[in-house]
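Visitor: I should like a close look at a single part of this structure, namely its strands and how they are paired. Please also describe the loops and helices that belong to that account.

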Amino acid sequence: MRMNRRVLITGASATAFLAGSGLSFARKMPLPAKPVEVKLMDVGGALSLVQPALELYAERNPDKVSRIVFLKAPVTELAGKLKVQQKSNRVDIDLVLTGSDGLAAGLVEDTWMQILPEFNETFPDIEANYEPAALNLHKIQGAGYGVVVTYYPSGPLLEYAPERVTKAPESAEELLAWAKENPGRFLYARPTNSGPARTFMMGLPYILGDKDPTDPINGWEKTWSYLAELGDYIDYYPAGTGVTMKEFGEGSRDIIVTTTGWDINPRAVGIVPETAKISTLKGFHWVSDAFFMCIPKGVKEDVLAVTLDIMAFLLTPEAQAFAYNEGSLYPGPAVKNVPLSMAPQHSQDIIKQFGRPEYDDLIANNPIELPLKPEKMVQAFRKWDELVGARKS
């Protein structure tokens, strides 16, 4: 990975130089003389959490932004699309909202601009403002190329229909036995395209006691064996989480994998019955996740200045309060001092009705782990496709 073209020292040498010299390399982007159009692409669903804040920014700042264009695309298309635009010097995406998967793919393809430390002045006290777990994701996953905008402890959780599953599996072994006895009734999606599936895959090494949960190539022997065997009793792997929720809600599946947000929101909007229950497996660790703001290389300087200003606004408590949304990334805010009482009343009502009191206990009393580093996550996706997914192709 290379640093932004305006930085003279590249790669690891830049980090070493800055650390050794005590210098702070940062610059303030001058805002343009007239408003610009900013094109934002969402590849993971974060737009539902931040769009009200973005619209508020546009309303308050007509001198900076003429309009914000909202685009959506599958995360699997993102890196390739940006690479083509960058090769032709015609980048028309200014800001990307993505999960860990899109961040990782963009880092592998070298499509992201390094935002920090070059633009530190735009984000004063950013690290002090983050919630501790969100800060870990920002520093280690984002690594200066992705700025955390929303956060949640994620999962992996099981969601089940109590009218069809009288006793939920309490361990990985019990889940495997249940799937064997009830073929086709357990389902999760392809991890590359699904937050709950990705979290399930990354959480199993902790649950199964694998040698190194941070190394999918050399440390997940038990996990890969388990997922391959579990797959014998799974009909297919959908392309996204929404399909698993729909089939669960319709009654064709009895247990699926989920996260806090994917538990609350589908029940709130009626895709999944309100009566659905959640459980964890013995040895459970949270594997946290977040949405990141990333800027592609090649964005025009006048647009870049406004894009950075938008990003800074999205990290204010006022903007963060919208992240409670309809529980789709519960809790949602990545910065400190954003209680639910700051959220719109509609969000407060949703969380009150469809949230679960057990979440407070689960979050307080179970370890919260980081997801895989971007390059390791890409390796895990590839290995899952080869060892697990390919068996259903």
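Guide: What follows is a connected account of the strands, then of the loops beside them, and finally of one pair of helices. The model is predicted, and the description should be read with that in mind.

I begin with strand E1, residues 36–42, which is mostly covered, five of its seven residues being buried. E1 runs parallel to strand E2, residues 65–72, and seven bridges join the two. Within this pairing, Val38 has Ile68 of E2 as its bridge partner. Between E1 and E2 the chain passes through helix H2, residues 47–60, and the resulting β-α-β crossover is right-handed. E1 also pairs with strand E3, residues 95–98, again in parallel, here through three bridges. In that pairing Leu40 stands opposite Leu95 of E3.

The loop that leads to E3 deserves a remark. Asn89 is found between helix H3 (75–87) and E3, and its phi is near 55 degrees, a positive value in a residue other than glycine. Asn89 has a relative accessibility of 69% and therefore counts as exposed, the cut-off being over 50%. A second residue of this kind is Asp125, with phi near 60 degrees, likewise a positive value in a residue other than glycine. Asp125 sits in the loop between helix H4 (100–109) and helix H5 (126–129). Its relative accessibility is 56%, so Asp125 also counts as exposed.

Strand E4, residues 147–155, is mostly covered: nine of its nine residues are buried. E4 pairs in the antiparallel sense with strand E9, residues 286–294, over six bridges, and Tyr152 has Asp289 of E9 as its bridge partner. E4 is also paired with strand E10, residues 332–333, in the antiparallel sense over two bridges. There, Tyr151 stands opposite Gly332 of E10.

Cis peptide bonds occur beside these strands. One joins Gly155 and Pro156, with omega about 10 degrees, and Pro156 lies in the loop between E4 and E5. Another joins Tyr330 and Pro331, with omega about 0 degrees; Pro331 belongs to the loop between helix H13 (317–320) and E10.

Beyond Pro156, the account moves to another sheet. Four strands form an open sheet of mixed pairing, in the order E6-E7-E5-E8. Its edge strands are E6 (186–187) and E8 (277–279), each of which pairs on one side only. Strand E5, residues 157–160, runs antiparallel to E8, with three bridges between them, and Leu158 has Ser279 of E8 as its bridge partner.

The account closes with a pair of helices. Two packed helices are described by the angle between their axes and the distance between the axes. For helix H8 (residues 195–208) and helix H9 (residues 221–230), the axes come within 9 Å and cross at roughly 120 degrees. The crossing of H8 past H9 is right-handed. From H8, the contact is made by Phe200, Met201, Leu204, Pro205 and Leu208, while H9 contributes Lys222, Thr223, Trp224, Tyr226, Leu227 and Leu230. Sorted by class, this contact of H8 with H9 has nine nonpolar residues, one polar and one charged.

How values were computed: Residues are numbered from 1 along each chain as its sequence is written. This is a predicted model: local features need pLDDT of at least 70, side-chain atom pairs count only at pLDDT 80 or more; totals for chains, interfaces and linings use all residues. Side-chain values use heavy atoms; hydrogens and water are left out. Axes are lines fitted to C-alpha atoms, for helices over the stretch in contact, and angles run from 0 to 180 degrees between N-to-C directions. A crossing is left-handed if the near helix is turned anticlockwise from the far one by less than a right angle, and right-handed if clockwise. Contact means heavy atoms within 4.5 Å. Ala, Val, Leu, Ile, Met, Phe, Trp, Tyr, Cys and Pro count as nonpolar, Asp, Glu, Lys and Arg as charged, and the others, Gly among them, as polar. Buried means under 20% relative accessible area, exposed over 50%, partly exposed in between (1.4 Å probe, protein chains only). Two strands pair if DSSP finds at least two bridges between them. A crossover is right-handed if, with the strands pointing away from the viewer, the path from the first strand over the helix to the second runs clockwise.
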